[in-house]
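Let us take a friendly walk through this protein chain. Have the sequence and the 3D view open as you read.

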Amino acid sequence: MGSCSCREDHDLLQPNFCVWVHGPIIVGAGPSGLAASACLSENGVPSLILEKSDCIASLWQHRTYDRLKLHLPKHFCELPLLGFPTNFPKYPTKRQFISYMESYALHFSIKPRFNQSVEKAAFDHSSGFWRVQTQDCEYISKWLIVATGENAEPVIPEIPGIDNFKVPVLHTSMYKSGFEFKNQKVLVIGCGNSGMEVGLDLCRYNAIPHMVVRNTVHVLPREMFGVSTFGVAMSLLKWLPLKLVDKFLLLMSNFILGNTDELGLRRPKTGPIELKNVTGKTPVLDVGALSQIRSGKIKVAEGVKEITRNGAKFIDGQEMEFDSIILATGYRSNVPTWLKGCDFFTKEGLPRTPFPHGWKGENGVYSIGFTGRGILGTASYAVKIAEDIAEQWRTIQDLNNNCNSHVILLRKHE
Ligand SMILES: Cc1cc2nc3c(=O)[nH]c(=O)nc-3n(C[C@H](O)[C@H](O)[C@H](O)COP(=O)(O)OP(=O)(O)OC[C@H]3O[C@@H](n4cnc5c(N)ncnc54)[C@H](O)[C@@H]3O)c2cc1C
Ligand SMILES: NC(=O)C1=CN([C@@H]2O[C@H](COP(=O)(O)OP(=O)(O)OC[C@H]3O[C@@H](n4cnc5c(N)ncnc54)[C@H](OP(=O)(O)O)[C@@H]3O)[C@@H](O)[C@H]2O)C=CC1
Ligand SMILES: O=C(O)C(=O)Cc1c[nH]c2ccccc12
């Protein structure tokens, strides 16, 4: 740090330069990064977002399927300070959600630096600043906000023989629509919300999906008599203990959906909300896959033992041919690959302290978007982070007054 000489310039990105950022550096321009930036700006604090992709909300724009809709009502998926347009339906489509994110960024004049992949970030104890390295440049700030998300990388399981399958195996993050799988026999591995919804989408294109359910799973209706199940759970939790709420949800689910165990979807012993809180495993909110399972259009298979060139061998000894394989095996955080020397995050890349206390670490590091509570968790952390940094910002504002820009280019001495 002491080896940097100052030069003002906003647009140059060269390996031998480091950029001094007056406000916080935010890594990731998804909903969490945008929310943090908007709340900071509302508190008078500038920030700089570094985004590895070429757009905002890249998970939604590049890594989700066409028929995706929010499965929680829109008021549970709003970012702070600016809500959804009133003409949006209760469950906005992916396109609508993206357009909301775009207007959000525009409204708060958020201009991330795209194509900046953070490769390393570490706190420099000697200077008291965070040093954030991308492929182009080093950025330096007093604060680092980690907003790279719980869904940063696909989980690709090591299933014996998987590399020998005749065509490339696709993860749901690359799946767009069943159009490419018309009339095909498709093995879908995994039965979370992605597996269920991809299975359903495949049915719409006359494909024949076989879905691997290796474990137990909670399937709940998206709505209970016109009210969202998520909303019902949130309301009841204000008054009743968690276990009772879970009992109620299961009672209602059995009434609305029938016995899912009979379909090969065995329920875990722990209730759906308790399981979500303890393990992070999201219950499936059914938007139609279950009736396709009941009618036999989506076939349920137990665990896969091995993938062959033409298909799969299952643990019950059956062998079957498939045209394609889709991995609906979920996602993981990538934080451990780039955030160094900081035990704020676990080796799984999630904050060590669970919700609602995991937003602030030591030395000016913050996390947003790792609460297992979707956008709702993001919104609550954005407000807390912005207030916390704004308070520090005000105390050092006198120093900042000497600078007329919040991004300054520094030349590194060789
Ligand atoms: C299919 C799907 C549907 C979902 N539906 C809902 C829903 O209906 N409601 C809900 O509340 N939640 C939902 N979620 C949860 C979802 O995680 C959130 O909606 C939201 O996208 C999280 O925002 P985020 O900004 O924390 O993470 P992301 O949206 O993943 O954004 C993180 C950003 O960080 C960038 N990034 C990652 N690594 C780096 C790096 N090293 N350097 C620079 N940039 C980096 C990524 O490119 C990305 O743009 C869904 C998730 C999935 C996968
Ligand atoms: N409309 C919406 O809003 C949607 C929201 N989402 C959200 O996105 C997030 C990610 O969901 P999703 O992509 O479904 O991931 P999940 O982590 O929820 O589910 C992954 C699934 O893959 C299974 N699995 C993992 N590894 C293997 C393996 N080796 N063999 C067999 N099965 C395996 C898991 O089984 P096991 O339980 O045994 O580990 C689980 O069923 C969730 O929060 C979800 O709610 C997703 C889609 C739509
Ligand atoms: O859809 C998701 O992935 C979410 O994270 C939303 C969500 C947060 N908590 C839940 C509990 C039950 C179902 C969905 C969610």
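## Sheets, hairpins and a small cavity

Starting in strand β3, I25 has L48 as its bridge partner in β4. Please keep in mind throughout that this is a predicted model. Strand β3 covers residues 25-27, and three bridges tie it to β4 in a parallel arrangement.

**The four-stranded sheet**

These two strands belong to an open sheet of four strands, ordered β4-β3-β8-β23 and paired in parallel. The edge positions go to β4 (48-50) and β23 (365-367); each has a single partner strand, so one side of each lacks a neighbour in the sheet. On average, neighbouring strands here are turned by 20 degrees against each other, with direction ignored.

Which strands does helix α1 touch as it packs on the sheet? Helix α1, residues 31-42, touches β3, β4 and β8 (144-146). The direction of α1 makes about 160 degrees with that of β3. Another helix, α10 (residues 374-395), lies across β8 and β23. It runs at about 165 degrees to β23.

**Two domains**

The domain assignment divides the protein chain into domain 1, made of 17-152 + 333-402, and domain 2, made of 155-330. Taken over C-alpha atoms, the centres of the two domains are separated by 30 Å. How many residues of each domain take part in the contact between them? On the domain 1 side there are 17 residues, and they are in contact with 22 residues of domain 2.

**The hairpins**

Now for the antiparallel pairs. The table lists four of them with their bridges and the residues between the strands.

| Strand pair | Bridges | Residues between the strands |
|---|---|---|
| β5 and β6 | six bridges | four residues |
| β6 and β7 | four bridges | three residues |
| β18 and β19 | three bridges | three residues |
| β19 and β20 | three bridges | four residues |

Take β5 (residues 118-124) and β6 (residues 129-134) to begin with. K120 stands opposite Q133 in β6. In the turn between these strands, G128 has a positive phi of about 80 degrees. Strand β6 also pairs with β7 (residues 138-141), again antiparallel. There, W130 stands opposite S141 in β7.

Further along the chain, β18 (residues 304-307) pairs with β19 (residues 311-314). The bridge partner of I307 in β19 is A312. Strand β19 then pairs with β20, which covers residues 319-321. K313 faces E319 of β20, standing opposite it. Which residue in the turn between β19 and β20 has a positive phi? That residue is G317, with a phi of about 95 degrees.

**An enclosed space**

Rolling a probe the size of a water molecule over the atoms shows where empty space is left. In this model, the count comes to one cavity of 30 Å³ or more. The volume of the largest cavity is about 30 Å³.

If you would like to find it in the viewer, select H218, P272, L275, K281, T282 and P283, which line the largest cavity. What classes of residue make up this lining? By class, three are nonpolar, two are polar and one is charged.

How values were computed: Residues are numbered from 1 along each chain as its sequence is written. Chains are lettered from A and ligands numbered from 1 in the order in which they are written. This is a predicted model: local features need pLDDT of at least 70, side-chain atom pairs count only at pLDDT 80 or more; totals for chains, interfaces and linings use all residues. Side-chain values use heavy atoms; hydrogens and water are left out. Two strands pair if DSSP finds at least two bridges between them. Axes are lines fitted to C-alpha atoms, for helices over the stretch in contact, and angles run from 0 to 180 degrees between N-to-C directions. Contact means heavy atoms within 4.5 Å. On a 1 Å grid over the protein atoms alone, a cavity is a set of points where a 1.4 Å probe fits but cannot get out, and a pocket is an open set with protein on both sides within 12 Å along at least five of seven lines; lining residues have an atom within 4 Å of a point. Grid points are joined across faces, edges and corners, and a volume is the space filled by probe spheres set on the points. Ala, Val, Leu, Ile, Met, Phe, Trp, Tyr, Cys and Pro count as nonpolar, Asp, Glu, Lys and Arg as charged, and the others, Gly among them, as polar. Domain bounds come from an automatic or database domain assignment.
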